[in-house]
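Student: I would like a close look at a single part of this protein, taken slowly and with its surroundings described.

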Amino acid sequence: MAHFVAVASVHDIPAGQGKAFPVEGRMIAIFHDQGDFKAMDDFCPHMGASLAEGFIEKGCVACPWHAWRFQLSDGAWLDNPKIKATVYPVRVVGDRIEVEIADKTDAGSTT
């Protein structure tokens, strides 16, 4: 089963920016885009740059190293949607940003 983990406050991430947080053994980038919060793996699948340090525009984040652009909604690379960064469901409870993380026993589950 998956569970939500409190990661940050809505005040920690200015509008139009991202910030990386350690969450249960992984780095997750949370982006504040047009009033919504989105979360994905912080590391670019191309060369490992921190996506949290990338430029956000029109629902996408551009990797700061080589400008690969990923959709914040589903993690798809815009030049080849078969390549994706993992995205995580996000909810805001009060001022807390929570990210849904799959339990380690769920890894590889198809249901």
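Where is the place of serine 50, and what does serine 50 touch, not counting residues up to four places away in sequence?

Tutor: Keeping in mind that this is a predicted model, we can begin with the position along the chain: serine 50 lies in the loop that connects strand S4, residues 36–41, with strand S5, residues 55–57. Its relative accessibility is 18%, and serine 50 therefore counts as buried, because the limit for that class is under 20% relative accessible area. When residues up to four places away in sequence are set aside, serine 50 touches Asp42 and Pro64. With aspartate 42 there is a polar contact from side chain to side chain, at 2.9 Å.

The other partner, proline 64, belongs to another loop, the one between strand S6 (60–62) and strand S7 (69–71). Proline 64 has a relative accessible area of 41% and is therefore partly exposed, since that class lies between the buried limit of under 20% and the exposed limit of over 50%. Leaving out residues up to four places away in sequence, proline 64 touches Ala49, Ser50, Glu53 and Gly54, so that the contact with serine 50 appears here again, from the side of proline 64. For a sense of distance from another part of the chain, the C-alpha atom of proline 64 is separated by 22 Å from that of valine 23, a residue 41 places away along the chain.

How values were computed: Residues are numbered from 1 along each chain as its sequence is written. This is a predicted model: local features need pLDDT of at least 70, side-chain atom pairs count only at pLDDT 80 or more; totals for chains, interfaces and linings use all residues. Side-chain values use heavy atoms; hydrogens and water are left out. Helices (H or I, at least four residues) and strands (E, at least two) are DSSP runs, numbered from the N terminus. Buried means under 20% relative accessible area, exposed over 50%, partly exposed in between (1.4 Å probe, protein chains only). A polar contact is a pair of N or O atoms within 3.5 Å; within protein, one must be able to donate a hydrogen and the other to accept it, and residues adjacent in sequence count only if both atoms are side-chain atoms. Contact means heavy atoms within 4.5 Å.
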